[in-house]
Amino acid sequence: MRRLTTVYDRYIFKQVLFTTLVAILLFTIVWIAPEMLLNTIKSVLAGEITAKTGFLLLFYELPKILGKALPVGLLLGSLFTFDKLSKDSELTIFRATGMSFWRILRPVLVLSLIVTYICFFTYDKMIPYSCNKLRKINHDSMITQYIYTKRDVNGHPKQAVVVSKYQNGRMYDVIVLNFSKRVFDDLHGMRNVMVGAKGVKTTDAKGLPCWKLLDVISYNIDENGIFHKINKIPKLEILNGEDAENAYQIMINSTKREREINNKDLHHYVKLLKKESLDEDYRLMANKYFQRFLHTFAE
């Protein structure tokens, strides 16, 4: 009896595995052929990209397709296999030998766990890696507008940093708003506005992270909201220590799509959003993070 069950397990496992692989292959071809492949061939023939670059573009698109094809392929493979077993009366024979429903499904459940792990690994490692490679091939540097607000213990804003543009490790047109303690009809007054032409994340004299602005123009504001003094500062350090590191990490991750971040970095990003009380972004990214685990098992 033990030998019989081993033969059965191998038979069902191979049947479902083969049909699953065929379904994944067909899904991949259907997904990539109509538009992606045609556009890549057109770009190669037009001389916009080389044949090697075209091949790499298609190759690095495969993990994203694979993440969707794996659960679909397993579903179609299981349905096709058991439909064939039912039509050939093989299921009736298995039940007649005393096999229970769960015993019949055991090889499929084992295969589903394997596919679940592969799918999880694809979303955690392969897709972020391929997305970063595609970004480099397309020369798609990160560009974003970002606002970081530093608050006191009561939740009132002390300082706001507005990055108009971030590209290739440098910040451009950085605006720093230093708030006063006065509040006018739920609006906080400002005591100082600074505009830096460029900015970069570096370290201060103590070796701690900080943001350094270059070519800064400082506008001081009096209690009546009038500019009364304008200074030019060649270099200025802002957001020292933990605030500088957290603000920079949030800005970097905010330029990426969820699928471009692996599980470890995404978890750290979610913790930073919660720590900085960015509730709306926190709920969105926390939902994306938990989907990483639930998505594979649900499919």
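This passage describes the aromatic ring pairs of a predicted model, together with one contact between a charged side chain and a ring.

Seven aromatic pairs are present in the structure. In one of them, the ring centres of tyrosine 8 and phenylalanine 94 are separated by 4.7 Å and the ring planes meet at 75°, so that the arrangement is classed as edge-to-face, the threshold for this class being an angle over 60 degrees. This contact joins distant parts of the chain, since tyrosine 8 belongs to helix 1 (residues 2-45) and phenylalanine 94 to helix 3 (residues 90-96), with the two positions 86 residues apart. Tyrosine 8 has a relative accessibility of 4% and therefore counts as buried, and phenylalanine 94, with a value of 13%, likewise counts as buried, the limit for that assignment being under 20%.

An edge-to-face geometry is also found for the aromatic pair of tyrosine 60 and tyrosine 129, for which the centre-to-centre distance is 6.5 Å and the angle between the planes is 70°. Here too distant parts of the chain are linked, with tyrosine 60 located in helix 2 (residues 51-87) and tyrosine 129 in helix 4 (residues 101-137), 69 residues apart. Tyrosine 60 counts as buried because its relative accessibility is 13%. Both tyrosines belong to a cluster in which ring pairs connect Phe55, Phe59, Tyr60 and Tyr129.

Apart from the ring pairs, a contact between a charge and a ring involves lysine 201, whose charged end sits over the ring of tyrosine 248 at a distance of 5.3 Å from the ring centre.

Definitions and conventions. Residues are numbered from 1 along each chain as its sequence is written. This is a predicted model: local features need pLDDT of at least 70, side-chain atom pairs count only at pLDDT 80 or more; totals for chains, interfaces and linings use all residues. Side-chain values use heavy atoms; hydrogens and water are left out. Rings of Phe, Tyr and Trp (its six-membered ring) pair if their centres lie within 6.5 Å; planes under 30 degrees apart count as stacked, over 60 as edge-to-face and the rest as tilted. Helices (H or I, at least four residues) and strands (E, at least two) are DSSP runs, numbered from the N terminus. Buried means under 20% relative accessible area, exposed over 50%, partly exposed in between (1.4 Å probe, protein chains only). A charge sits over a ring if NZ of Lys or CZ of Arg is within 6 Å of the ring centre and within 35 degrees of the ring normal.
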